[in-house]
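Open the model in your viewer and keep the sequence panel beside it. The tour goes from stop to stop, with a selection to make at each one.

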Amino acid sequence: MSASTLGLAVSLPIATELYATPSDYPLLIDLARMADGAGVRSLIVVDHVVMGEHPEKYEWGTFKFPPETPWLEPITLLAAMASATTDIRMSTGILIAPLRPAALLAKSLATLDVLSRGRVELGVGTGWQEEEFTAQGMDFARRGELLDDTMAACQALWAPGSASFDSPTVSFQDIWCEPKPVQPGGPPILFSGTLTGRNLRRIERLGSGWLPIMNATMADIEAGIATLHTRLRGAGRDPSELRVRGRLAAVRDADGRVDLDATLDGAAAFAAIGVTDVSVRLMDHIADHSEAAGFFERLATLWPTKAG
């Protein structure tokens, strides 16, 4: 696979990374409009339902957002962005899926898929904060089981006809959840995290793809893709359909400024190991909303040249 066949995703900022007041948060919709048609396959938004006061529990470095940071609800935000765009896909990275009741999550996502004409994809995981689970009366220790059951229940509800499902944490019989998603079987689901036995099983059974953990090396990702291909073949699935999204690290020039051209050059190495999508973080490349239009214009020019 060459970089020209890779999908390019852009991770949007947490509201206060770019905007000072809630009155400015609708400018996120403007970012979606700019990205639409700029060669970007998907926009990525992130999720926290509530925040606790223990950022030291974050495992992947310093968590830079204080507890009072506003996190816009991602499905609502994606719906607003979908209404303002025509082609770009709406993605999460990640949605802490088990924090939503399965039937309500299935309904919300199916509605978004219908209204966006089939442009929804999901990156899902369990998150890292115990407070988000305890605030809703959920057992944090069972978060993996909750994720499995929630996504399996959603897929049951997205299938044609009425649905029945039985698991330790989600159960229903002979219910209808309409409308069904535009995408057959529902939006593609990419599971985040390291490839533990449990994660391998959930990707094999329920997943369209994998989101490697933030500190994964290129060697980790290459080995993970090989393992997933083997597992999918063993399950009678086509490994060529596996989606894997890697993050392009921002490359800085001699003056310490982020070089978008050099950053995008990293796509070829990802393509060579079987990654299907790469992402850039918008806030690595702009400091103010006024710079966004120029960024997307440059991205539209540069990305098609990153072949092979």
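Start by selecting Tyr 58, Trp 60, Phe 63, Phe 65, Trp 71 and Trp 128. Ring pairs link these residues into a cluster. Keep in mind that you are viewing a predicted model. By the ring-pairing rule, the count comes to 10 aromatic pairs. Zoom in on Phe 63 and Phe 65. Their ring centres are 5.7 Å apart and their planes stand at 70°, so this pair is edge-to-face. An angle over 60 degrees is what earns that label. Is Phe 63 buried or exposed? Phe 63 is buried, and Phe 65 is buried too.

Next, select Phe 140 and Arg 143. Here a charge meets a ring: the charged end of Arg 143 sits over the ring of Phe 140. The distance to the ring centre is 3.9 Å.

Now switch to the cartoon view and pick strand β3, residues 89-92. In a regular strand, side chains alternate between the two faces of the sheet. Show the side chains of β3. Arg 89 and Ser 91 lie on one side, Met 90 and Thr 92 on the other. Which of the two faces is covered? Both are, and all four of these residues are buried.

Add strand β2, residues 42-45. β2 and β3 pair in the parallel sense, over 4 bridges. To find the register, look for Ser 42: it stands opposite Arg 89 of β3. Then add helix α3, residues 74-83. Together, β2, α3 and β3 make a right-handed β-α-β unit.

Which strand joins β3 through 2 bridges? Select β5, residues 120-125. β3 and β5 run parallel. In this pairing, Glu 121 of β5 stands opposite Ser 91.

The last stop is Asp 277. Find Asp 277 in strand β11, which covers residues 277-281. Asp 277 is buried, with a relative accessible area of 1%. That is under the 20% cut-off, which is why Asp 277 counts as buried.

Show its side-chain partners. A polar contact of 2.8 Å joins the side chains of Asp 277 and Arg 41. Another, at 2.7 Å, runs from the side chain of Asp 277 to that of Thr 276.

Finally, display what surrounds Asp 277. Leaving aside neighbours within four places in sequence, its contacts include Leu 6 and Gly 7, as well as Arg 41. Also in contact with Asp 277 are Arg 243, Val 244, Arg 245 and Gly 246.

Key
Residues numbered from 1 in each chain as written. Predicted model: local features only at pLDDT ≥ 70, side-chain atom pairs only at ≥ 80, totals over all residues. Heavy atoms only, no water. Buried < 20%, exposed > 50% of the residue type's maximum accessible area, 1.4 Å probe, protein only. Polar contact = N/O pair within 3.5 Å; in protein donor to acceptor, adjacent residues only side chain to side chain. Contact = heavy atoms within 4.5 Å. Pairing = 2+ DSSP bridges. Right-handed = clockwise from strand over helix to strand, strands pointing away. Phe/Tyr/Trp six-rings, centres within 6.5 Å; stacked < 30°, edge-to-face > 60°. Lys NZ or Arg CZ within 6 Å of the ring centre and 35° of its normal.
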